[in-house]
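Biologist: I should like to learn how to read a protein model. May we take its features one at a time?

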Amino acid sequence: MLSDKKILVGITGSIAAYKSILLIRLLVKAGAEVKVVMTPSAKSFVSPLVLSTLCKNSVFSELVESDQWANHVELGRWADLFIIAPLSCNTLAKMANGLCDNILQAVYLSATCAVVVAPAMDEDMWHHLSTKKNLSTLLSYGNTIIPVGKGELASGLFGEGRMAEPEEILQFCTEAFFRGISLSGKKVLVTAGPTYESIDPVRFIGNYSSGKMGFAIAESLYMAGAEVLLITGPSQEQLLYKGIKILRVISADEMYESAAPLMGQVDIAVYCAAVADFTPSIKHTEKIKKHSDHLLLELQPTIDILAMAGAQKKTNQYILGFALETENEKENALAKLKRKNIDAIVLNSLRTVGAGFGVDTNDVTILSANGVEKNIALQSKKSVAAAIVSFIIDELYA
Ligand code: C5P
């Protein structure tokens, strides 16, 4: 994943430095070449020997070591990415003010690559106005800040200030390298997952949709540079990238209410959710008792979110829907494309083993209003998502 990438890890004096050991392992495992630069005080928290053994490179902690001058300019130019994790309050303040009293500062000031920082501090320090000011100065320099987590802190307090976990930092590094620009500036809405229609407080009508396809599409659009909002029904899926906004809803009605205000505003919309077509006319507030040997439920149609979006489609908007058909697949999908006034439809088939609900793979055909037809043979939903996104890009810039 990160092969051929040169990553410089900067470590400062913070108890969270123990996580840098894991981060270096993950980066090396992902194929990156890793070098380490640390502040002198970081050595009290983690040993240079452990770090140099893990990254199989020398570790730099002094500007002058055994009469040899460590070339900070060379280090700063060597790296494709400089990730400072943990970033202490002290180093943050020095970075914001251009101080240069140790090798890490010197490398930071001479680095020509992207800089990502993962702060770690106690909650009160994290909320101090000077910290906020220094962080916004770093942002203005173009540095990326990985949000801190909430939890147990070294002081014994519980709160905000924990350094992000190594897996999350790895994700940011991947993003820093691979997030493209083909959709930058585009606002995108994606719907995903099933919806649950309440019968009573303990029962609902739902479907087998896992949300995997919609989540993968949201991630692919994000990695193509778009600003993405994902509205999902109940799903176990988690997003890889923190930059994607996510709204979790339950019912078709809630999904519609969340999507409606954005329909006219987004440049691209992908309606991937398996929205329930019908919902109980009456939602019982108490559990329905087993009074008789049968139960009649009256259902009424839900709002067709995609059709609503199609009805108010703007000239420069691109809308893509999904269709799950079991007979006359292509004809039905094309009829849906026309009826809902959208630009393209992704036809899912239940006939292919390994495609459809719940599984990690899919096999789809994309049909566009321009008459283009593209089959994407059985492959992982992530690859199918990438192919759908490249189809959208081709259509947008054709
Ligand atoms: O008409 P049908 O339900 O087969 O259409 C499927 C497409 O319409 C999918 O893109 C789905 O997300 C969307 N849809 C919707 N709201 C509904 C039903 C379907 O957005 N209530």
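Modeller: We shall begin with the overall layout and then turn to charged pairs and two individual residues. Please keep in mind that this is a predicted model.

Biologist: How many helices and strands does the protein have, and what box do its C-alpha atoms fill?

Modeller: There are 13 helices and 22 strands in the protein. Along the principal axes, the C-alpha atoms fill a box of roughly 85 × 55 × 40 Å. Of the 398 residues, 49% count as buried. The accessible surface comes to about 19,400 Å², and carbon and sulfur atoms account for 53% of that surface.

Biologist: What share of the contacts with a separation of 6 or more comes from residues 24 or more positions apart?

Modeller: Such residues account for 67% of those contacts.

Biologist: Let us turn to charge. How many positive and negative side chains are there, and how far apart do the centres of the two sets lie?

Modeller: The protein has 37 positive and 41 negative side chains, and the two centres lie 1 Å apart. As a general idea, side chains of opposite charge can pair when their charged atoms come close. In this structure there are 12 salt bridges.

Biologist: Which parts of the chain does the salt bridge between K212 and D360 link?

Modeller: The side chains of K212 and D360 meet at 3.0 Å, N to O. This pair links distant parts of the chain: K212 lies in helix α9 (residues 212–223), whereas D360 lies in the loop between β20 (344–349) and β21 (361–368), and the two are 148 residues apart. D360 counts as exposed because its relative accessibility is 52%, and the cut-off for exposed is over 50%.

Biologist: In the salt bridge of K340 and D304, is K340 buried or exposed?

Modeller: K340 counts as buried, because its relative accessibility is 14% and buried means under 20%. Its partner D304, at 31%, counts as partly exposed. The two side chains meet at 2.7 Å, N to O. This pair also links distant parts of the chain, 36 residues apart: K340 is in the loop between α12 (329–339) and β20, and D304 is in the loop between β18 (299–301) and α11 (305–311).

Biologist: Salt bridges may also share partners; which residues are joined into one network with R162?

Modeller: K19, R162 and E165 form one network through salt bridges that share partners. Between E165 and R162, the closest N and O atoms are 3.4 Å apart. Both residues count as partly exposed, E165 at 34% relative accessibility and R162 at 26%.

Biologist: What should one look for around a buried charged residue such as E395?

Modeller: One may look for an opposite charge and then for other partners. E395, in helix α13 (residues 381–396), has no salt bridge, and K313, the nearest side chain of opposite charge, is 9.2 Å away. However, a polar contact of 3.1 Å joins the side chains of E395 and S368. Leaving out residues up to four places away in sequence, E395 touches Y318, D343, S368, N370 and V372.

Biologist: As a last case, which backbone oxygen does the side chain of T174 reach?

Modeller: The side chain of T174 reaches the backbone oxygen of L170, at 2.8 Å. T174 is found in helix α8 (residues 166–178) and is buried, with a relative accessible area of 6%. Beyond four places away in sequence, T174 touches M1, L2, R179 and M223.

Conventions: Residues numbered from 1 in each chain as written. Predicted model: local features only at pLDDT ≥ 70, side-chain atom pairs only at ≥ 80, totals over all residues. Heavy atoms only, no water. Helix = DSSP H or I, 4+ residues; strand = E, 2+ residues; numbered from the N terminus. Buried < 20%, exposed > 50% of the residue type's maximum accessible area, 1.4 Å probe, protein only. Contact = heavy atoms within 4.5 Å. Areas by Shrake-Rupley, 256 points an atom, 1.4 Å probe, with all protein chains shown as cover. Lys, Arg positive; Asp, Glu negative; His and termini not counted. Charge placed at Lys NZ, Arg CZ, Asp CG, Glu CD. Salt bridge = Lys/Arg side-chain N within 4 Å of Asp/Glu carboxyl O. Polar contact = N/O pair within 3.5 Å; in protein donor to acceptor, adjacent residues only side chain to side chain.
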